[in-house]
Structure formats: structure tokens, C-alpha cells
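Biologist: Could you take me closely through the C-terminal stretch of strands and the loops that join them, and then set that part against the rest of the chain? I would like the reasoning behind each call of buried or exposed to be spelled out.

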Amino acid sequence: MSQQTAKYLRATALQLLMLCGSTTICGQETVELREHDTDTISSSDKPGRNIISRIGDYFKDSNQEKEPGKFDLSFIGGQHYSKETQFGLGILAAGLYRPVGHPEAPVSNVTLYSDFATVGSYLVGIRGNHYMKNSRIRLDYKAYFYSVPSYFWGVGFDEEVIDDNKTKYKKRQAQFIVELKYRAGNAFYIGPILEFDYFSAVKPQSLTPWTGYPVTTYSYGIGAAVSYDTRDNLTAPKSGVMLMAKSVGYPAIASHSSAFGITTLEACNYQSLWKGATLASRAYLSMAHGKKIPWGLLPAVSGETLRGYYGRRFCDKNEIEILLELRQHVWRRNGVVAWVGAGEVFPEFKRLTMRRILPSFGVGYRWEFKKNINIRLDYGIGRFHESNFIFSINEAF
């Protein structure tokens, strides 16, 4: 290990410790400390404890489930590195909660996240899954805005494999998605989807990769989804299956002269192999319909699931991917993963060919930040000398 790498790792660990904290908000409760209760003060609350000891006590209990009715919120932050953003600082807050008086209800979750990097990029967002009191309705939501220096190669595999097409620009994106899911049976969900998307290519070095595509687009979508979901939890599943089909239509308003739509099919399976081991598999297909699809909404290899590729370098009217991932708990709150998979982007099904296949494989580290909420660090390798580090929260799928 080089001295520069060792110095960076030490700085990361120190900054992680300095940025961590925790708070629990009690629902409809009043907590009082009486004189005769002073002997029960935990060691973490005793005077004279230094910050490292207090943080150590916090980490010891932060992944334990809290009583129903309490909103359990924790913070974490640290340095990271990726090909797109270079060195950056990420800070996030993760919360878990159940309705008061309903200990049997599924656990709802919410994550607020932000990221600031040395290349001048920034990101702020929120996402979560909220169960209503009767557990028959679930609200899934995601909203974020970010600005980051990026690259674009054009649309279509033949354009995207040409290095000379690589064009620098500043990418600005905002997205808001709400899915209301009604449980129609033991594991069947159905409900509407509302979506807003904004993409803009700011100060591109060349407009050639965007030929035929407006550089700034606004899109409003409405659709529906149906799913069969038996996962034991939504953020780090260890058993169950998830089958989902959704379709979103975007009417001819805002910056578009014609309507278009996007249909997505997804199937995930989680199976226990031996103690602490889970085999996770995923098959995914995204299809765009219409003549004029905004460049930012074209089905693409995002780099979040098919890890190892520059985000959205490969995009077209259709995208398919298959993944197998082995997740192994190692010790206490630590785990590792290894995956192998492949994907492809293509304009139409009759043009699916072996030469377009984009393989992906890699390894990752997991640390359980909250109960069933993992901080993950993945290193993926792909085709065309592509590789990437991913620092994120929750599993890739």
C-alpha cells in the first residue's frame, strides 16, 4: 500500500468518526430524569468520556431495532472516490420507524443524502418507503437534484464505443417519483406512479453527441405498476422474490412535441445458501416507446446495478441486464459481496448481438449502519477498460 493511499484511508476513517452522530425522536412520549435514576445513566452518558468512546458506544447500538413508535434517526459521513466525481464528501441520515401501537407493522424507512466533490459537483436527495397504519398501502418516493461535470458519447452502442466521441459537459438533473402501492393480496401490490424529470447539458464542448436531441428537457409522467413481493425487507433482503411490471407515459407537453412511454420489467430472487450467505439474482428490461425520447430518459447502464461502467455512457431505446451476487456476512456488522453479470443496450430486439454485450464483475464491502441498512463500497470492472468505485447506501438491488 502506498503512503498516499494509507494517508487517504486514515483521513477517511477519522472523518467518518467525526461526522457520525445519532438521535432518537420519541413519538408521544416524555422522558424525564429523576434524582433516583442517576445510577442508571449509561456509560456513554457519564462525564469524562471522550468523543471516540462516545462514538464507539453509538456504533455498538445503532443497528439495533428500537421500540415501535420511535423514530430512530442516525447520521454518517465520510470521504469517497469515483471516476466521475473524483474525491468527495458524502453525508447521509437514515431513519427507521413503525406506527405507534403497531409492533407487527413492517418497518418504514427514509434516507436523506448529500454529496459534495472536488470536481465541483453536488447532490441532495431523499428517498424512502412508508407503510400506512393498516400496512395495506405503501408509499415509495424519491427526489433529488444534482449538478456534476460529466461526459457524453452519444446515443447507441456504435457511437458510445468510439473514444473520440467523448464530450465534456456539466450535467444537471432533477427527479421526483412517487409510487402508491395498494396490497391487493398477501404479496400483490398495484398502484399509480407520478414522475417529473429534468435534464440539462450545460456548456457542452460540442453539440455533436446531442444531434437530434434537445440539450434541456422537462418531462411529466403518469403510469401504474403491479408487483409480487415476498422479500423479508426492502433494503437488504435475504429471502423472497420480487416481480414487477410498470409503465409510465409522458404526454406531449413541456419540451416535447410528441408523446412517449417507458415500460420496465424486473425480477429479483433472494435465497439463503449457508450461514450468513445470500445469493441474489436480478433480471431487468427497460423499453422506451415513441419517436422522440429525451436523451436523459433513454434506458441506460446506470453504473449503480451493472457496476463498473461510467454512468449512462451506454444508452439506447432498450436496455437489458442480468446479475448474480453472492452476499456473505463475515463478522458482527461486516460483510462482503461478489457479483457477475452482463447487460446490453440496443435500438430494437432484432439487433441484439453478442458484440454489444457489456460484462460486469467485481467485489464489495458492506457495513451495517442501521438494521437492514448497509453502507456499501463496490469496485466493478467492465468492458472497454471501464472500472469504477461506488460508495452508496442499501444494496444495489
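Modeller: What follows begins with the whole chain, turns to the loops and surface of the part you asked about, and ends with the interior.

This is a predicted model, and in it the protein has three helices and 17 strands. Of its 397 residues, 46% are buried. Among the contacts with a separation of 6 or more, 56% are accounted for by residues 24 or more positions apart. The protein exposes about 20,200 Å², and carbon and sulfur atoms supply 60% of that area.

The loop between β15 (358-370) and β16 (373-381) is a good place to begin, and Lys371 is found there. Lys371 has a relative accessibility of 33% and therefore counts as partly exposed, since that class runs between 20% and 50%. The C-alpha atom of Lys371 is separated by 9.7 Å from that of Arg333, although these two residues are 38 apart along the chain. Asn372 is found in the loop between β15 and β16 as well, but with a relative accessible area of 18% this residue is buried, because the limit for that class is under 20%. The backbone of Asn372 also deserves attention, as its phi is near 65°, a positive value in a residue other than glycine.

A positive phi is found again in the loop between β16 and β17 (387-393), where Phe384 is placed. For Phe384 the angle is near 60°, and this residue, too, is not glycine. At 29% relative accessibility, Phe384 counts as partly exposed.

The strands around these loops also contribute to the surface. Val330, Trp331, Val336, Tyr365, Leu377, Tyr379, Phe389 and Phe391 form a nonpolar patch there, with about 730 Å² of accessible area together. Two or more residues of the patch come from each of β13 (318-331), β16 and β17. One of its members, Trp331, has its place in strand β13 and counts as exposed, because its relative accessibility of 54% is over the 50% that the class requires.

Elsewhere in the chain, buried positions provide a contrast. Ser227 lies in strand β9, which covers residues 216-229, and with a relative accessible area of 7% this serine is buried. Leaving aside its neighbours within four places in sequence, Ser227 is in contact with Ala187, Phe188, Tyr189, Leu243 and Met244.

Aromatic side chains make a further set of links, for the structure holds 24 aromatic pairs. In one of them, the rings of Tyr250 and Phe260 have their centres 4.4 Å apart and their planes at 5°, so the pair is stacked. Tyr250 lies in strand β10 (residues 240-250) and Phe260 in strand β11 (residues 260-272), so this pair ties together parts that are ten residues apart in sequence. Both Tyr250 and Phe260 are buried. In addition, Phe152, Tyr169, Phe199, Trp210 and Trp295 form one aromatic cluster.

The cysteines can be treated briefly. The structure holds zero disulfides. Cys268 is buried, with a relative accessible area of 5%, and Cys315 is buried with a value of 0%.

To return to your question, the loop between β15 and β16 holds the partly exposed Lys371 and the buried Asn372, while Trp331 in β13 is an exposed residue of the nonpolar patch.

Technical notes
Residues are numbered from 1 along each chain as its sequence is written. This is a predicted model: local features need pLDDT of at least 70, side-chain atom pairs count only at pLDDT 80 or more; totals for chains, interfaces and linings use all residues. Side-chain values use heavy atoms; hydrogens and water are left out. Helices (H or I, at least four residues) and strands (E, at least two) are DSSP runs, numbered from the N terminus. Buried means under 20% relative accessible area, exposed over 50%, partly exposed in between (1.4 Å probe, protein chains only). Contact means heavy atoms within 4.5 Å. Accessible areas come from the Shrake-Rupley method with a 1.4 Å probe; for residues, only the protein chains shown count as cover. Patches are made of residues with over 30% relative accessible area and no salt bridge: like charges are joined within 9 Å, nonpolar side chains (Val, Leu, Ile, Met, Phe, Trp, Tyr) within 5 Å. A salt bridge is a side-chain nitrogen of Lys or Arg within 4 Å of a carboxyl oxygen of Asp or Glu. A disulfide is a pair of cysteine sulfur atoms within 2.5 Å. Rings of Phe, Tyr and Trp (its six-membered ring) pair if their centres lie within 6.5 Å; planes under 30 degrees apart count as stacked, over 60 as edge-to-face and the rest as tilted.
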